[in-house]
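Work through the exercises below with the model open. Try each task before you read its solution.

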Amino acid sequence: MTRVFPVPGGSELRCKGWRQEGLLRLLENVLAVGEAPERLVVYAALGKAARDWPSHDAIVAALKTMEEDETLVVQSGKPIGILRTHKAAPLVIMANCNLVGRWATAENFYRLEQAGLICWGGLTAGDWQYIGSQGVIQGTYEILMRIAERHFGGDLAGKFVLTAGLGGMGGAQPLAGRMAGATILCVEVDPARIARRRETGLLDMVAESLDEALEMVAQATVQRRAVSIGLCANAAEVYPAILARGVVPDVVTDQTSAHDLVYGYIPIGETPETVPALRGDPAALMAAGRASIARQVRAMLDFQRSGAIVFDNGNLIRSQAVEGGVPDAFDIPIFTEAYLRPLFARAIGPFRWISLANARDDIARIDAYLLEAFGDNAIIRRWIELARVHVPVEGLPARIAWLGHGERTELALAVNSMVRDGRLAGPIAFTRDHLDAAAMAHPTIMTEKMRDGSDAVADWPLLDALAMASSQADLVAIHSGGGGYAGFMTSAGVTVIADGTEAADERLRLALTNDTALGVLRYADAGYEQALDEVASKGIHRCLA
Ligand code: NAD
């Protein structure tokens, strides 16, 4: 059967209510905007929307027939059963890719994945919250702006940013770089990914060779022109080659799928076409990947020693490099600890909303509301003004904005009333990335170098999921890492549908308020002054033991 992946929309319901219909549309949307939907792959090499096609079809059938007082249970992308619960319970609960600690290795993950017993949900693939590259644009933009403020007087005009990877998440980098005013060079080994980012307007131009790319960079930086340039090549070859020419970028990072050495990162000498034949010997493929990553990270460290601002953008490249023989790879800081932790300590993080009716005007109306209601907030104002001009629509129209405790709830309740009185064309789904204050334990990304040393404590995302299920969220998920992330992370996902009802008011108020309250409490417990300030100023009930 040939599958097609249209973007859903309209007002016609195929399910017994908008809550079920909304979740079904979100599932359809992650495939519509996904990287390889025919394999159910949404992003991050192997992050899947469902375990296999029979599981996918059974999930769709369940959502179409479920009553509001039932709960669908999904285990690693496979529907297991429907439980009779009550109308205030989640419609869907899921656990994706959680292995018992000692068994949580990349090797065990690949074995179980091959045996059809597990699948990796990524962060937002398995729980149907992915909105294409636009989901990560503001995160990358905010990192670049923090770097601009801290190191370059507030502006990246005339600065050269070097990065790699133009996949589902990495594809946001060229636009985020351009929005931050920089000249950004993105190295990508797969010509199809470069073509896709050109088509969607995320990438401005493509160089045919490294020489041409560096010439374009030199011209654009002299002219202080914000522009993004793609180069089809292997980053593990290009980074050392740039270094060998004596060129030192101002900012260096990488967003290749370095976390997955079997289905993601392409070693030197290989291409996306040659790698599948090598998967029969995963150990050899992983060793080749680590050797290439070691070369790339050595070059990144040399750039750092030469004065570049270098950071890890959350793809495990430093951990792979350590295993590949680069013991000082962790001299490169992680973006969370280096730039964004003060925001996370206030539970300010990547909140997002999606028009389930596929109505662009609804997102524009919410933008206008945000500018009016949150106009005093400099981060929000600057972001929304830029986003509404620059961020292309991918799939269902959506917007991301880094909002914190109280702000998310205020926005969602206002939007729910707009749905109720017909100012919006249809319901809106509210969700967020798993990379959020209460929602993620990841000792080499989100929780690296926590002030109290609690980096590897996974209680927080588990508590967050429990709190979300107790707070009437529509979908609650617990994920752990797959591929190279196996054993590295645990996270929680949540979605609430604003369908205009009074019951939705209650769900939004409870779930969104408690999600960020727990995030603030997590950072307060670790001793962050911003979180302690939020506790005091916003009246969050903290127990002192
Ligand atoms: P993806 O699999 O969709 O894309 C990865 C891209 O890297 C592909 O286009 C691939 O061709 C390219 N690539 C692989 N090896 C390469 C090489 N040697 N040289 C040049 N290009 C190469 O993955 P994605 O969704 O874009 O995610 C990228 C990474 O970022 C993942 O590790 C993911 O987990 C991580 N991530 C970080 C954040 C964050 O908040 N910082 C968020 C999401 C994902």
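**Exercise 1: The cavity**

By the counting rule used here, there is 1 cavity of 30 Å³ or more. The model is a predicted one.

Task: State which residues line the largest cavity, and which elements supply at least two of them.

Solution.
- Start with the size. The largest cavity has a volume of about 30 Å³.
- List the lining. It is made up of Thr140, Leu144, Val161, Thr163, Gln173, Ile184, Thr253 and Phe311.
- Match residues to elements. Helix H4 spans 134–151 and strand S6 spans 160–164; each gives at least two residues to this lining.
- Sort by class. The lining holds 4 nonpolar residues, 4 polar residues and no charged ones.

**Exercise 2: The ligand**

Task: Find which residues come nearest to the ligand, and which polar contacts hold a distance of 2.9 Å.

Solution.
- Look at the shell. There are 31 residues around the ligand, and the nearest are Ala45, Glu188, His259, Asn313 and Tyr485.
- Sort the shell by class. It divides into 14 nonpolar, 13 polar and 4 charged residues.
- Apply the cut-off. A polar contact is a pair of N or O atoms within 3.5 Å.
- Take the ligand oxygen. One oxygen atom of the ligand is 2.9 Å from a backbone N or O atom of Ala44.
- Take the ligand nitrogen. A polar side-chain atom of Asn234 lies 2.9 Å from a nitrogen atom of the ligand. A polar backbone atom of Ile266 is also 2.9 Å from a nitrogen atom of the ligand.
- Check the cover. On its own the ligand has 860 Å² of accessible area, and the protein covers 96% of that.

**Exercise 3: The second largest pocket**

Task: Say how many residues line the second largest pocket, and which lie nearest its centre.

Solution.
- Begin with volume. This second largest pocket measures about 220 Å³ by volume.
- Count the lining. It has 15 residues, with Val4, Phe5, Pro6, Glu28 and His56 nearest the centre.
- Name the elements. Helix H1 (18–32) and helix H2 (53–65) give two or more residues to the lining.
- Sort by class. The lining has 10 nonpolar, 2 polar and 3 charged residues.

**Exercise 4: Two helices**

Task: Compare the reach of helix H9 with the span expected at 1.5 Å a residue, then do the same for helix H16.

Solution.
- Take H9. Residues 282–305 make 24 residues, and the helix reaches 34 Å from first C-alpha to last, close to the expected 34 Å.
- Step past its end. Just after H9, Gly307 has a positive phi of about 110 degrees.
- Take H16. Residues 502–525 make 24 residues, and the reach of 34 Å is close to the 34 Å expected.
- Step past that end. Just after H16, Gly527 has a positive phi of about 95 degrees.

How values were computed:
Residues are numbered from 1 along each chain as its sequence is written. This is a predicted model: local features need pLDDT of at least 70, side-chain atom pairs count only at pLDDT 80 or more; totals for chains, interfaces and linings use all residues. Side-chain values use heavy atoms; hydrogens and water are left out. A residue is near a molecule or strand if one of its heavy atoms lies within 4 Å of it. A polar contact is a pair of N or O atoms within 3.5 Å; within protein, one must be able to donate a hydrogen and the other to accept it, and residues adjacent in sequence count only if both atoms are side-chain atoms. Accessible areas come from the Shrake-Rupley method with a 1.4 Å probe; for residues, only the protein chains shown count as cover. Ala, Val, Leu, Ile, Met, Phe, Trp, Tyr, Cys and Pro count as nonpolar, Asp, Glu, Lys and Arg as charged, and the others, Gly among them, as polar. Helices (H or I, at least four residues) and strands (E, at least two) are DSSP runs, numbered from the N terminus. The expected span of a helix is 1.5 Å times one less than its number of residues. On a 1 Å grid over the protein atoms alone, a cavity is a set of points where a 1.4 Å probe fits but cannot get out, and a pocket is an open set with protein on both sides within 12 Å along at least five of seven lines; lining residues have an atom within 4 Å of a point. Grid points are joined across faces, edges and corners, and a volume is the space filled by probe spheres set on the points.
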